[in-house]
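Got your viewer ready? Load the model, keep the selection box handy, and we'll walk through it stop by stop.

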Amino acid sequence: AAVAQAAAEAAQAAAEAALDAALNPTAANVTTTTAAQNLSTELTISSDSIVAANGTVGAGDVLADPSASDSDTMAIAHTGATLASTGVISNIENITVNAASTTTFTITDASMVTGGDMTINLVTPGGATAVTVSDIGSNTSVIAGDRVATLTVDTTADRTDVSVIGGTGATTVNDAANVLTTATVDASAGTNVNVEFGAESSNITVTAGSGTVDINDGAGVETAGLTVSAADATTVTIDVGADSSNINVTSGSGALDINDGTNVTVTGLVVDATASESTIDIDLGDGSDLTLTAGSDAGAITLDGASVSEATDDGGSVTITADAADIGAGITDFDTVNLTLNGTASTVTLDDEVATFSLTATAATQTITMTAVDNLSTTGGSLSGDFAMTLTATTDNMDEASIASDAAADHVLNLSTTQTGDVDLSNIDNDIRMELGG
């Protein structure tokens with residue numbers, strides 16, 4: 001009995017040891033060779049180490065790690081301007097490429113690198129400072145390492161979960177404009193950033209550096225979720241296509257231009273231009289909605305909503321907090337206009353497409369001129385704030401519209417009309433002036 005018990009215990013210990021070895025194998029140390037190789041069977045679920053000397057990584061190689069949650073490392077040495085292919089590198093979490101090149105270093109094909117962060121260092125003092133990765137795979141990061149100023153990363157097909165961290169110079173991503181789903185571009189350490197993507201891309205985040213920002217290079221596409229953080233940038237140019245949604249932009253001190261004269265429907269467009277010291281120009285289509293906040297140093301604000309008739313179109317809306325002088329006559333073709341008017345006393349002009357409005361004066365007396373109020377809805381408009389406002393308008397066909405005041409300050413309505421009835425002014429109790437035509 002004692003012998004049997006001892007044998008059972010020994011068997012149990014052996015089984016436990018085998019299980020532990022299977023669950024916690026000794027990490028592999030792998031060295032690649034110049035021949036085509038599949039080293040996947042040598043890799044483990046532990047944190048393996050792979051060393052690849054110059055000339056030992058190529059299109060015929062396969063290194064697929066069985067675990068996506070360990071912390072493998074791979075160091076690739078390369079001499080020369082071009083690495084034609086990385087082969088298949090899957091679930092190697094930390095990849096470092098150390099390239100000795102005197103001219104722009106290019107990885108032509110890294111499309112089969114997935115599930116890892118690839119840091120590229122340029123190791124030649126006084127040598128190359130630019131890196132191009134012509135194609136990357138999904139679930140991959142490309143990181144500009146030592147001596148990398150300019151980084152260009154492209155794709156040859158649609159990609160998901162792509163991350164690019166630029167160097168000290170310009171960063172360009174996806175110039176081929178394929179579809180990106182969940183992509184992050186961090187160019188904050190550098191200067192200019194240029195990002196393009198295909199129609200129906202989504203969840204794109206771009207953090208700019210100290211230079212210019214160009215999103216889609218004048219060819220906007222439908223985009224669902226774009227965040228551009230460019231508070232330290234200069235000029236910001238963004239183009240998105242029809243039916244885009246959830247676009248959030250923080251601009252810098254330079255000019256901001258969204259859609260550059262192309263009127264397309266964009267919903268959920270939020271723009272923080274509090275750092276702006278230049279012009280703001282935004283073009284949108286019927287049915288769009290925009291919230292814009294501009295600082296006191298901003299330049300002229302020009303917003304076009306492409307509305308043609310509040311009775312037949314979907315209606316666009318704009319909510320603006322800005323200095324009245326910067327708005328001026330810059331708002332055209334929006335059905336709903338909500339303005340918080342900061343700054344010194346000025347005149348804001350609204351066109352005859354306005355169906356509903358709210359106006360608040362926060363810092364000085366303001367004057368509002370409406371070319372016509374014939375399109376006002378029954379909701380009409382409201383005047384509020386601690387400073388006086390004068391609203392001057394004309395109408396020939398105003399029907400059952402209301403204009404209200406919070407009575408916190410003198411609100412004056414100067415209405416010139418040839419109409420004879422049904423203008424509800426009961427909510428304005430401070431000062432009403434009407435010129436009735438014949």
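## A guided walk

At 18% relative accessibility, S245 is classed as buried, where buried means under 20% relative accessible area, exposed over 50%, and partly exposed in between (1.4 Å probe, protein chains only). Before you click on, note that this is a predicted model, in which local features need pLDDT of at least 70, side-chain atom pairs count only at pLDDT 80 or more, and totals for chains, interfaces and linings use all residues. Residues are numbered from 1 along each chain as its sequence is written, and side-chain values use heavy atoms, with hydrogens and water left out.

Keep S245 selected: it sits in strand 22. Strands here (E, at least two residues) and helices (H or I, at least four residues) are DSSP runs, numbered from the N terminus. Now show what surrounds S245. Leaving aside neighbours within four places in sequence, S245 is in contact with T223, A224, G225 and T267; contact means heavy atoms within 4.5 Å.

**Step back to the whole chain**

Zoom out and colour by secondary structure. You should find 2 helices and 38 strands. Of the 438 residues in the chain, 47% are buried. Turn on the surface, too: the chain exposes about 17600 Å², with carbon and sulfur atoms supplying 49% of it. That area comes from the Shrake-Rupley method with a 1.4 Å probe; for residues, only the protein chains shown count as cover. As for contacts between residues at least 6 apart in sequence, 27% join residues at least 24 apart.

**Two loops with a positive phi**

Go back to strand 22 (244-250) and look at the loop between it and strand 21 (236-238), where you'll meet D243. Its phi is near 70 degrees, a positive value in a residue other than glycine. D243 is exposed, with a relative accessible area of 54%.

Next, select R147, in the loop between strand 12 (140-144) and strand 13 (150-153). R147 isn't a glycine either, yet it has a positive phi of about 65 degrees. Is R147 buried, exposed or partly exposed? At 43% relative accessibility, R147 is partly exposed.

**Into the core**

In soluble globular proteins, nonpolar side chains tend to be buried together. To see this model's version, select V133, V271, L303, I331, L339 and L350, the residues with the most contacts inside the largest nonpolar core, which has 101 residues. A nonpolar core here is a set of buried Ala, Val, Leu, Ile, Met, Phe, Trp, Tyr and Cys residues joined through side-chain atoms within 4.5 Å. Which strand gives the most to this core? Strand 24 (residues 266-273) does, with 4 residues.

Stay on V271 and show its surroundings. Not counting neighbours within four places in sequence, V271 is in contact with V249, L256, I258, I282, L290, T291, L292 and T293.

Now jump to I120 in strand 10 (residues 116-122). I120 is buried, at 1% relative accessibility. Beyond residues up to four places away in sequence, the residues that I120 touches include V97, F105, I107, V131, V133 and V142. Try a distance label to V97: the two C-alpha atoms are separated by 4.7 Å, although I120 and V97 are 23 residues apart along the chain.

**Strands side by side**

Strands of a sheet pair through backbone hydrogen bonds, either parallel or antiparallel. Two strands count as paired if DSSP finds at least two bridges between them. Select strand 25 (residues 280-283) and strand 27 (residues 301-304), which pair in the parallel sense over 4 bridges. Here D281 stands opposite T302 in strand 27. Strand 27 is also joined by 2 bridges to strand 29 (residues 331-332), running parallel, and D304 stands opposite T332 in strand 29.

For a small set to trace, go to the open sheet of 3 strands in the order 3-6-9, with parallel pairing. Its edges are strand 3 (62-64) and strand 9 (113-114), each pairing on one side only. Strand 6 (residues 88-90) is joined to strand 9 by 2 bridges, and S90 has T114 as its bridge partner in strand 9.

**Last stop: a salt bridge**

How many salt bridges does the structure hold? It holds 1, counting a side-chain nitrogen of Lys or Arg within 4 Å of a carboxyl oxygen of Asp or Glu. Select R159 and D135, whose closest N and O atoms are 3.1 Å apart. R159 lies in strand 14 (residues 159-165) and D135 in the loop between strand 11 (130-133) and strand 12, so the pair ties together parts that are 24 residues apart in sequence. R159 is buried, with a relative accessible area of 12%, and D135 is buried at 5%.
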